[in-house]
Amino acid sequence: DLKRGEPVTFTDQDVDDTGKLGDLMAGYLQRQKAAVESDLKSKHPDIAPDAVQRLLEAFVTADGTKQPTTRADLLVRMPESATWLDEALAALESARILRANDQNIELAHDALAQRIAEARSADRLAMINIERLVSDALFHHRQYSSAFLSPKDLTTIRLAQMLSAAG
């Protein structure tokens with residue numbers, strides 16, 4: 001386990017032994033995520049099993065790139081996290097998964113965003129697509145006062161609802 005301020009060094013041999021850097025980052029992310037989940041679960045037994053994954057997803061766009069956010073925005077998006085959010089953020093920052101400045105919190109490395117996006121469940125992907133459809137429709141409606149969700153968009157939303165209900 002890494003502590004804030006300790007240098008992290010990967011040798012050529014480490015990379016050769018482990019594989020590509022993306023694979024190395026994926027393994028590191030999984031280990032750190034599991035450690036944070038375990039620690040949070042011991043202190044907050046009612047925490048959702050995917051809480052840390054969902055928290056990490058808040059820092060990733062629908063396209064799998066980094067997305068800075070604020071603690072306040074996280075609480076709006078994940079109100080159930082109020083009791084454990086600060087602990088999780090501190091642990092993820094200590095593990096160098098996240099970094100914070102005066103205004104925002106973001107993933108520490110671009111490579112982490114794609115790894116987090118790849119771990120999204122089918123339900124989460126469907127919800128992200130629905131959020132994007134609705135957001136785009138609202139933007140166009142505000143701009144042109146005439147755009148609404150298309151029949152294709154509504155079908156996509158209905159299919160996602162059925163998948164979510166079946167899953």
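Among contacts between residues at least 6 apart in sequence, 58% join residues at least 24 apart. The model behind this value is a predicted one, and its chain holds 167 residues, 31% of them buried. The accessible surface amounts to about 10,500 Å², with 54% belonging to carbon and sulfur atoms.

A walk along the chain gives a first orientation. Eight helices and two strands make up the secondary structure. Read from the N terminus, the order is α-α-α-α-α-β-β-α-α-α, so that five helices come ahead of the two strands and three helices come after them.

The interior of the model can be approached through its nonpolar cores. The largest of these has 29 residues, and Leu55, Ile97 and Leu107 are the ones with the most contacts inside it. At least two residues of this core come from each of α2 (21-43), α3 (51-57), α5, β2 (105-107) and α6. Helix α2 provides the largest share, namely five residues. Another core, of five residues, lies apart from the largest one and includes Ala126, Leu133, Ile157 and Ala160. In soluble globular proteins, nonpolar side chains tend to be buried together.

Two of the contributing helices show how their buried residues are arranged. Helix α5 spans residues 85-94, and its residues Leu85, Ala88, Leu89 and Leu92 are buried. These four lie on the same side of α5, because the arc they cover around the axis is only 95°. Arginine 96, with a positive phi near 65°, follows this helix. In helix α6 (residues 110-118), the buried residues are Leu112, Ala113, Ile116 and Ala117. Their arc around the axis is only 135°, so they too share one side of α6.

The strands can be viewed through two leucines. Leucine 98 belongs to strand β1, which covers residues 98-100. With a relative accessible area of 2%, leucine 98 counts as buried because this value falls under the 20% cut-off. Beyond its neighbours within four places in sequence, leucine 98 touches Phe59, Leu89, Leu92, Glu93, Ile105, Glu106, Leu107 and Ala108. Its C-alpha lies 8.9 Å from that of leucine 56, although 42 residues separate the two in sequence.

Leucine 107, one of the residues with the most contacts inside the largest core, has its own set of partners. Again leaving aside neighbours within four places in sequence, leucine 107 is in contact with Leu56, Phe59, Val60, Lys66, Ile97, Leu98, Arg99, Leu112, Ala113 and Ile116.

Terms used. Residues numbered from 1 in each chain as written. Predicted model: local features only at pLDDT ≥ 70, side-chain atom pairs only at ≥ 80, totals over all residues. Heavy atoms only, no water. Buried < 20%, exposed > 50% of the residue type's maximum accessible area, 1.4 Å probe, protein only. Contact = heavy atoms within 4.5 Å. Areas by Shrake-Rupley, 256 points an atom, 1.4 Å probe, with all protein chains shown as cover. Arc of directions from axis to C-beta. Core = buried A, V, L, I, M, F, W, Y, C linked by side-chain atoms within 4.5 Å.
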